[in-house]
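Trainee: I have a model open on my screen and would like to learn how to read it. Can we go through it feature by feature?

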Amino acid sequence: MIKEIHFQTIDSTNSYLKRNYRELDDLCFISAEQQSAGRGRQQRSWDSESGQNLLFSVLIKEKELIGHYEALSIVSAYAILKVLQRYGIDELGIKWPNDVYAGHKKICGILLESVSADQFDCLIIGIGLNVNQIRFSGSYLTEPISMKQLLGKDIKIPELKNEIYEELLADFRKVKEKEDLYPQIAAYDELKGKTVIAEIGGHQEKVYVKGIARDYSLQVTDGNETLSLRSGEVSFHEKGEKI
Amino acid sequence: MKIYKVKVNGKVYEVEVEAVEETTETIKKTETVKTPEPVSEGGNNILAPIAGKVIDIRVKVGETIRKGQTVAVIEAMKLENEIQSAYDGKVKEIAVSNGSDVRNKDVLIVLE
């Protein structure tokens with residue numbers, strides 16, 4: 001049975017879990033119609049029209065699963081991608097480390113957060129999927145797109161949400177059971193074969209992307225050596241925009 | 001269930017004996033899972049639980065901090081890890097700066 005707490009409005013589903021994870025069950029989902037302080041990576045804001053998109057977070061407390069956080073990050077993107085595929089969306093890709101792209105535009109963003117005191121106490125996976133919103137105001141690092149824009153019709157969010165919850169839980173089980181999802185995930189590598197600007201050792205460097213590696217780091221080369229990226233920004237060189 | 005007569009010290013007792021099936025339990029091997037290491041160890045040093053980039057330091061040298069207070073954030077693979085102090089104490093030294101790349105178990109903050 002899926003455990004979910006739904007809010008009309010909340011500051012951020014990730015922040016709610018960071019405040020309350022001690023009292024909540026493992027694999028509890030928190031969703032909201034609207035977030036007053038939704039955010040992406042490094043405090044970037046994530047704007048969403050009320051009730052138009054799917055905004056939720058899932059709490060992971062089981063230590064065995066938390067230990068696989070690197071896989072869970074990209075596997076979450078893969079789970080979303082599979083559901084979008086079933087809705088008939090094509091040209092899907094995963095932009096390392098875990099954004100979902102459709103037609104080279106961002107349709108879904110994922111932010112993982114964790115709290116560590118004596119150990120990793122919990123892992124929180126926050127997901128924002130553009131569903132029925134068709135106008136995106138403001139400036140975006142990457143052009144957004146929604147399911148409605150791609151499919152030309154309204155999507156029923158409760159059904160979509162259940163399908164995504166089920167898919168995520170199924171893939172989390174696979175991670176725990178050490179099923180090899182790498183070949184499927186690597187097939188959707190959005191950056192592979194592209195020249196990008198990557199932040200390496202505090203500097204921005206133009207590098208060629210060899211692809212997502214088995215340990216889910218990003219393998220790039222500057223022409224001399226191959227580097228394995230595990231953090232930092234990667235932006236498309238062609239457009240010169242950060243992602 | 002069977003009833004037997006048993007003689008103990010010259011006295012006869014009726015004893016009911018129940019047949020119990022022997023069960024064999026398989027003990028599963030517990031697999032060692034790569035879990036992040038404790039954050040605070042080696043005195044009152046606060047250590048990096050994962051390799052990554054320091055994206056926020058939330059304390060200053062000389063500041064008194066409480067157990068459970070978030071002292072820094074490390075990002076790796078788009079995971080923002082809030083590191084809380086396991087101790088009450090006073091910040092003696094901040095061993096990293098914003099943007100530093102750290103390895104697992106690197107010292108982040110030294111407490112008095």
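**Reading the model**

Mentor: Let's start with the contacts (heavy atoms within 4.5 Å) inside chain B: of those with a separation of 6 or more, 49% are between residues 24 or more positions apart. This is a predicted model, in which local features need pLDDT of at least 70 and side-chain atom pairs count only at pLDDT 80 or more, while totals for chains, interfaces and linings use all residues. Residues are numbered from 1 along each chain as its sequence is written, chains are lettered from A and ligands numbered from 1 in the order in which they are written, and side-chain values use heavy atoms, with hydrogens and water left out.

Trainee: How many helices and strands does chain B have?

Mentor: Helices (H or I, at least four residues) and strands (E, at least two) are DSSP runs, numbered from the N terminus. Chain B has zero helices and ten strands, and its pattern along the sequence reads β-β-β-β-β-β-β-β-β-β. Buried means under 20% relative accessible area, exposed over 50%, and partly exposed in between (1.4 Å probe, protein chains only). Of the 112 residues in chain B, 36% are buried.

Trainee: Where is confidence lowest and where is it highest in chain A?

Mentor: Look at pLDDT, the predictor's confidence in each residue, from 0 to 100. Chain A averages 90, and 92% of its residues score at least 70. Strand β12 (residues 234-236) of chain A is lowest, with a mean of 70, and helix α4 (residues 147-151) of chain A is highest, at 98. Over residues 239-243 of chain A the pLDDT is below 50, though this stretch has 19 contacts in the model beyond near neighbours in sequence. Where pLDDT is low, the predicted coordinates should not be read in detail.

Trainee: What about the backbone?

Mentor: Most residues other than glycine have a negative phi, and most peptide bonds are trans. Now the cases here: the bond from A:Trp96 to A:Pro97 is cis, with omega near 5 degrees. A:Pro97 sits in the loop between β4 (92-95) and β5 (99-102) of chain A.

Trainee: Which phi value does A:Leu27 have?

Mentor: A positive one, about 60 degrees, although A:Leu27 is not a glycine. You'll find A:Leu27 in the loop between α1 (13-20) and β2 (28-35) of chain A. A:Glu91 also has a positive phi, near 55 degrees, and belongs to the loop between α3 (69-86) and β4 of chain A.

Trainee: Are A:Leu27 and A:Glu91 buried or exposed?

Mentor: A:Leu27 has 23% relative accessibility, so it counts as partly exposed. A:Glu91 is exposed, because its relative accessible area is 55%.

Trainee: And how many residues of each chain meet at the interface?

Mentor: 25 residues of chain B are in contact with 36 of chain A. Buried area is the accessible area (1.4 Å probe) that two parts lose on being put together, summed over both. Here that comes to about 2,700 Å², with 52% from carbon and sulfur atoms. B:Met77, B:Lys78 and B:Glu80 supply 33% of what chain B buries against chain A, more than any other three residues.

Trainee: How many salt bridges are there between the chains?

Mentor: A salt bridge needs a side-chain nitrogen of Lys or Arg within 4 Å of a carboxyl oxygen of Asp or Glu. There are two between chain B and chain A. One to look up is the salt bridge joining B:Glu82 and A:Lys18, at 2.5 Å from N to O. On chain B's side of the interface, β7(B) gives the largest share, six residues.
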